[in-house]
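These are my notes from going through one model with the sequence open beside it. I wrote down what I looked up, entry by entry, in the order in which I turned to it.

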Amino acid sequence: MLGPVILAASRSDKMRRFISAAPGTKQVVDRFIAGETVDQVVPIVEDAADKGLEVTLDVVGEDITTPAQAEGARDAYLELVERLKVLDLGPRAEMSVKLSMFGQALENGHELALANVRPVVEAAAAIGTTVTLDAEDHTTLDSMFAIHEELRKDFPQTGCVIQSYLFRTEDDARRLAEAGSRVRIVKGAYKEPASVAYQDKAEIDKAYVRITRILMEGEGYPMIGSHDPRLIAIAQELGRRAGRKLDEYEFQMLYGIRSDEHVRLAAEGHRMRVYTAYGTDWYGYFMRRLAEKPANLLFFGRSILTKG
């Protein structure tokens, strides 16, 4: 049960300082984080396109405490859009955003986040791509879904994320699986209480399958966020049963994890999108990747020992 411990550590400033200073940290962070700047991530987008892959780009950072920082996050995404435009990479790269970065937790945060994310969605649409709103902890979801609904009035291609470990998600999936929607299903990577979320992995997986079936049988565009070979195979079968063509849904996996599988699925004719994070404020994102899979934690531990 290391996952909850690691997720708790993701909110600890003391652990942040310790992890950041550890000798082996950079080696492991580089596995999951594509770089710190737009200049470093652009070649990765180009390489993915050459391999028949698409990407969704996430400028990491969540601990926003002032409106000025929220505006800075907005500007970082606008800079990214401009670079994608110049390089004509818009059709191959969408963006994923966490509304916490846009000021959602601040005073009048709902309105502030909407005001900051709208120009990013508008700029993305202008270069032929779109934005997906990432799900965060359960207390933020009503605001996220409301912002998603508002953005879709003008930009119907705007996507959102749902998490199978939450009890509410099957109802959310039924509501969202409408024509023109884009919905990414993931297991969930935040520490949630037993009052709102499944705690057992098997129950989370069962819910994932039920929700995937809802999305596949709906009228929207499902995005299957998983590295689990069994869940990937089940999603393929559910898509086949629902009569979906291979370009009527897609798989999404994280940068640095199962890279050979990215290429294999694309070679089979599936749309395969790589979730690619970059930026300097990597700690929260990195800790959730460790919590999701024990092998990641073991890799990190070995790196520290061999570098120490």
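**Entry: R184**

I began with R184, which counts as buried because its relative accessibility is 4%, in what I should say at once is a predicted model. I find R184 in strand 5, and its side chain is joined to that of S96 by a polar contact of 2.8 Å. Which residues does R184 touch once its neighbours within four places in sequence are left aside? I noted T56, E94, S96, T132, D134, C160, V161, I162, M223, G225, Q252 and Y275 as its contacts.

**Entry: D58**

Y275 came up again when I turned to D58, whose side chain makes a polar contact of 2.8 Å with the side chain of Y275. D58 has its place in strand 1, residues 54-59, and I put it down as buried because its relative accessible area is 2%.

**Entry: strands 2 and 7**

How many residues of strand 2 are buried? I count five of the five, so strand 2 is largely enclosed by the rest of the structure. I checked the two faces separately and found A93, M95 and V97 buried on one side, with E94 and S96 buried on the other. I then looked at the pairing: strand 1 and strand 2 run parallel and are joined by three bridges, and V55 has A93 as its bridge partner in strand 2. Strand 2 also pairs with strand 3, again in the parallel sense and over three bridges, and there I see V97 standing opposite L133 of strand 3.

I looked up strand 7, residues 250-254, in the same way, and it is mostly covered, with five of its five residues buried. On one side I have E250, Q252 and L254, on the other F251 and M253, and all of them are buried. Three bridges join strand 7 to strand 6, and the two run parallel; in this pairing I224 stands opposite F251.

**Entry: helix 9**

Does the length of helix 9 come out as expected or not, I asked, for its 17 residues at 1.5 Å a residue? The expected span for residues 201-217 is 24 Å, and I find the end C-alpha atoms 24 Å apart, which agrees. At the start of helix 9 I noted that a side-chain oxygen of D200 comes to within 3.1 Å of the backbone nitrogen of A202. The buried residues that I listed for helix 9 are I204, D205, A207, Y208, V209, I211, T212, I214, L215 and M216. When I asked what these buried residues pack against, I got strand 4 (159-163), helix 8 (169-176), strand 5 (182-186), strand 6 (221-225) and helix 10 (229-241).

**Entry: helix 7**

I repeated the length check on helix 7, residues 141-154, where 14 residues at 1.5 Å each should span 20 Å and the end C-alpha atoms are 21 Å apart, which agrees. Its buried residues are L141, S143, M144, F145, I147, H148, L151 and R152, and I find them packing against helix 6, strand 3 (131-133), strand 4 and helix 8. F145 deserved its own note, since the charged end of R175 sits over its ring, 4.9 Å from the ring centre.

**Entry: aromatic pairs**

I finished with the aromatic rings, for which a search of the whole structure finds three pairs. In one of them, Y77 and F102 have ring centres 5.8 Å apart and planes at 35°, so I recorded the pair as tilted. This pair links distant parts of the chain, 25 residues apart, with Y77 in helix 5 (residues 67-86) and F102 in the loop between strand 2 and helix 6 (109-126). I checked burial for both, and Y77 and F102 are buried.

I also recorded F167 and Y198 as an aromatic pair that is edge-to-face, with 4.8 Å centre to centre and 80° between the planes. This one, too, links distant parts of the chain, 31 residues apart: F167 is in the loop between strand 4 and helix 8, and Y198 is in the loop between strand 5 and helix 9. Are these two rings buried, exposed or in between, I wanted to know? I put F167 down as partly exposed because its relative accessibility is 40%, and Y198 counts as partly exposed at 21%.

Definitions and conventions: Residues numbered from 1 in each chain as written. Predicted model: local features only at pLDDT ≥ 70, side-chain atom pairs only at ≥ 80, totals over all residues. Heavy atoms only, no water. Helix = DSSP H or I, 4+ residues; strand = E, 2+ residues; numbered from the N terminus. Expected span 1.5 Å × (residues − 1). Buried < 20%, exposed > 50% of the residue type's maximum accessible area, 1.4 Å probe, protein only. Contact = heavy atoms within 4.5 Å. Polar contact = N/O pair within 3.5 Å; in protein donor to acceptor, adjacent residues only side chain to side chain. Phe/Tyr/Trp six-rings, centres within 6.5 Å; stacked < 30°, edge-to-face > 60°. Lys NZ or Arg CZ within 6 Å of the ring centre and 35° of its normal. Pairing = 2+ DSSP bridges.
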